[in-house]
Amino acid sequence: QSRLEFFAPLQRHVVNFARHGFDHILGGADHVVFLVALLASGISVRRWAALLTAFTLAHGVTFGLASMGWVSVSSTLVEQAIAASIVLVSALHLLSVKVALKWELIMVFGLGLVHGLGYASAMREGGASQLIALSPYPVWSILGFNLGVEAGQFSVALALYALVLVLRRLYADKSDAAWQRAAGFMSL
């Protein structure tokens, strides 16, 4: 877990919070499941980069606001909304609903806002939200955290991409729809 060092150099704060963000993504099954369900609807570097960045920006906004104590939402409500977001994204895949990138970005940004509140709530309950509120560089700490989140998401996307390549090679005669539906079903 990141530590607060009052007289540490700025770059150490950024690196500590980047590590924390990276661990947050890879350590939270809800994030990994959400990302797999979200990315499984189509393999496109441009689409994936846009969706992951929209999620990170939204996640960072609400995480930052909540960490600074400027926004507070019931953790029970937020956790239910996060579960609903996973079900929503999975249902879109299971029903083969195609959403234009513009609308998908808006949806992912909204869901990222909810996920950011969830993480801030978890940090608050664990007493860790003070790490940012008391940091001499709160904005840089939040930025570092978001860089770590983006790196964690990139790692998940890279692993998913490698898995898709293997599945495509093994099942060359099948369409992508089969594994996309399977990813949606497993996310539920």
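The expected span of a helix is 1.5 Å times one less than its number of residues. The legends below apply this rule to a predicted model.

**View 1. Helix α3 and the residue after it.** Helix α3 covers residues 45-67. At 1.5 Å a residue, its 23 residues should span 33 Å, and the C-alpha atoms at its two ends lie 32 Å apart, so the two values agree. G69 follows α3 and has a positive phi, near 85 degrees.

**View 2. The salt bridge of R47 with E104.** The side chains of R47 and E104 form a salt bridge, with an N to O distance of 2.7 Å. The pair joins distant parts of the chain: R47 belongs to helix α3 and E104 to helix α5, and 57 residues separate them. Are R47 and E104 buried or exposed? Both residues are buried. The salt bridge count comes to one.

**View 3. Helix α1 and its buried residues.** Helix α1 runs over residues 10-27 and has 18 residues. The expected span is 26 Å at 1.5 Å a residue; the end C-alpha atoms are 25 Å apart, which agrees. Which residues of α1 are buried? They are H13, V14, N16, F17, A18, H20, G21, H24 and I25. An α-helix has 3.6 residues a turn, so residues three or four places apart point the same way.

**View 4. A nonpolar surface patch.** L95, V97, V99, W103 and I106 make a nonpolar patch of about 490 Å² on the surface. One of these residues, L95, sits in the loop between α4 (75-94) and α5 (101-125). Why does L95 count as exposed? Its relative accessibility is 65%, and exposed means over 50% relative accessible area.

**View 5. The chain as a whole, for orientation.** The chain has eight helices and zero strands. In sequence order the pattern is α-α-α-α-α-α-α-α. Of the 188 residues in the chain, 41% are buried. Among contacts with a separation of 6 or more, 83% are between residues 24 or more positions apart; the R47 and E104 pair of View 2, at 57 residues apart, also links distant parts of the chain. The accessible surface of the chain is about 9,800 Å², and carbon and sulfur atoms account for 68% of that surface.

Note on methods: Residues numbered from 1 in each chain as written. Predicted model: local features only at pLDDT ≥ 70, side-chain atom pairs only at ≥ 80, totals over all residues. Heavy atoms only, no water. Patch = residues over 30% accessible without salt bridge, like charges linked within 9 Å, V, L, I, M, F, W, Y side chains within 5 Å. Areas by Shrake-Rupley, 256 points an atom, 1.4 Å probe, with all protein chains shown as cover. Salt bridge = Lys/Arg side-chain N within 4 Å of Asp/Glu carboxyl O. Helix = DSSP H or I, 4+ residues; strand = E, 2+ residues; numbered from the N terminus. Buried < 20%, exposed > 50% of the residue type's maximum accessible area, 1.4 Å probe, protein only. Contact = heavy atoms within 4.5 Å.
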